[in-house]
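The exercises below are meant to be worked with the model open in a viewer. Each begins with a task and continues with a solution in steps.

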Amino acid sequence: MSNTNSIETSTAPRQLQNSATEPSASTIVTFIKTPFAFLHEHLFTISVIVVLLFGWSRRGDNYLSAENGAGYILGIVGGSLMLMLLLYPLSKRNQLLTRIIPMRYWFGLHMFFGIIGPVMILFHSNFQIGSMNSTIALTSMLLVAGSGIIGRYIYTNIHHGLYGKRITLNELREEAGIKHSELLRIYKLDKKLNKRYSLMEQRALQNYTGITVSLLHAVSLSIDSYRLHSRTRKILHAACHRNALNMTPEKTAIIMAFVDRYTAALRKIVAFRIYERMFSLWHILHLPLFFMMIITAVIHIFAVHMY
């Protein structure tokens with residue numbers, strides 16, 4: 001017994017030292033890797049921004065001409081890429097296209113063309129406004145590109161990642177239901193708190209009532225989540241002092257973590273409804289803008305080559 005005790009006491013300090021050094025080492029590694037991970041994830045976006053800033057800073061040099069040379073070629077290629085944006089909606093309705101290239105790659109090409117095309121058109125115009133028809137065509141293109149960026153943001157909030165499947169409301173409800181089961185210990189401590197959580201739950205899980213009401217629910221749920229977090233923490237700390245239900249600081253921390261996850265799940269349900277409705281409204285706006293861009297571009301090309 002003495003040997004085992006001596007072994008345990010000798011290894012305990014080492015274990016404590018390892019546990020003390022490992023987090024600090026991992027923190028340093030994470031601190032070093034974070035900038036590189038950010039650059040790797042956003043390299044394309046950063047590159048596009050740098051290119052646009054360079055073009056904007058050189059817009060007064062007149063190094064490109066829209067009528068001939070590289071500037072003219074950029075206009076042709078950029079306009080062709082914008083026209084090729086139609087391939088993605090066509091691939092949804094044509095099985096032949098999806099057999100050639102899977103849907104997720106059509107979507108990736110759609111986003112790529114929707115960024116590179118406008119960048120080329122901006123360099124084609126030398127970041128300057130020209131005649132009336134070219135101004136209208138450029139404005140239409142920028143509106144389509146801007147709405148595409150907004151649509152991408154909304155899309156990622158109703159799908160599992162950029163190329164994942166669409167999130168369903170049942171998934172979010174199941175997630176909230178799992179977290180709800182962890183709150184039973186709190187309900188035994190305070191009945192009023194139980195009622196408040198139930199009201200939050202009813203408000204989040206009720207049937208869809210429109211984007212305006214959902215926005216109000218999102219704001220109220222954020223306020224209620226903050227209030228319930230502080231109220232729950234006070235109740236749990238009081239329970240620790242009274243030693244109610246064998247409550248300990250460790251259990252308090254675990255329960256508070258579940259509370260935060262549960263209220264976050266309820267807010268996520270309401271936010272999902274908002275983004276879902278915004279995405280449907282975005283579709284209604286984006287398509288007319290796209291066709292307006294095509295029409296104005298055709299008029300611009302016709303006017304340039306005829307006159």
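Throughout these exercises, two residues are in contact when heavy atoms of theirs lie within 4.5 Å. The model is a predicted one.

**Exercise 1.** Describe the secondary structure of the protein chain, how much of the chain is buried, and how its contacts are distributed along the sequence.

Solution. Begin with the elements: the protein chain has 12 helices and 0 strands, so that, by the definition of these elements, the run from the N terminus on reads α-α-α-α-α-α-α-α-α-α-α-α. Next, turn to burial, where 30% of the 307 residues count as buried. Finally, take the contacts between residues at least 6 apart in sequence, and note that 72% of them join residues at least 24 apart.

**Exercise 2.** Determine whether Ser 140 is buried or exposed, and identify its surroundings.

Solution. First locate the residue: Ser 140 belongs to helix α7, which comprises residues 132-156. Its relative accessible area is 3%, and because buried means under 20%, Ser 140 is classed as buried. Then inspect the side chain, one polar atom of which lies 2.9 Å from the backbone oxygen of Ile 136. Lastly, leaving aside residues up to four places away in sequence, Ser 140 touches Met 292, Met 293 and Thr 296.

**Exercise 3.** Place Phe 291 in its helix, classify its accessibility, and relate its position to that of Leu 83.

Solution. Phe 291 is part of helix α12, residues 249-306. With a relative accessibility of 42%, Phe 291 counts as partly exposed, because that class lies between the limits of 20% and 50%. Although Phe 291 and Leu 83 are separated by 208 residues in sequence, their C-alpha atoms are 10.0 Å apart in space.

**Exercise 4.** Characterise the packing of helix α10 (residues 191-205) with helix α11 (residues 211-242).

Solution. Two packed helices are described by the angle between their axes and by the distance between those axes. Here the axes of α10 and α11 come within 11 Å and cross at roughly 155°. Angles over 145 degrees count as roughly antiparallel, and α10 and α11 are therefore roughly antiparallel to each other. As to handedness, α10 passes α11 in a left-handed crossing. For the residues involved, α10 contributes Leu 193, Arg 196, Tyr 197, Met 200, Arg 203 and Ala 204, which meet residues of α11 including His 217, Leu 221, Asp 224, Leu 228 and Ile 235. Sorted by class, this contact comprises 7 nonpolar, 4 polar and 4 charged residues.

Terms used: Residues numbered from 1 in each chain as written. Predicted model: local features only at pLDDT ≥ 70, side-chain atom pairs only at ≥ 80, totals over all residues. Heavy atoms only, no water. Axes fitted to C-alpha atoms, helices over the stretch in contact; angles between N-to-C directions. Helix = DSSP H or I, 4+ residues; strand = E, 2+ residues; numbered from the N terminus. Parallel < 35°, antiparallel > 145°, perpendicular 65-115°, else oblique. Left-handed = near helix turned anticlockwise from the far one by under 90°. Nonpolar A, V, L, I, M, F, W, Y, C, P; charged D, E, K, R; others polar. Buried < 20%, exposed > 50% of the residue type's maximum accessible area, 1.4 Å probe, protein only. Polar contact = N/O pair within 3.5 Å; in protein donor to acceptor, adjacent residues only side chain to side chain.
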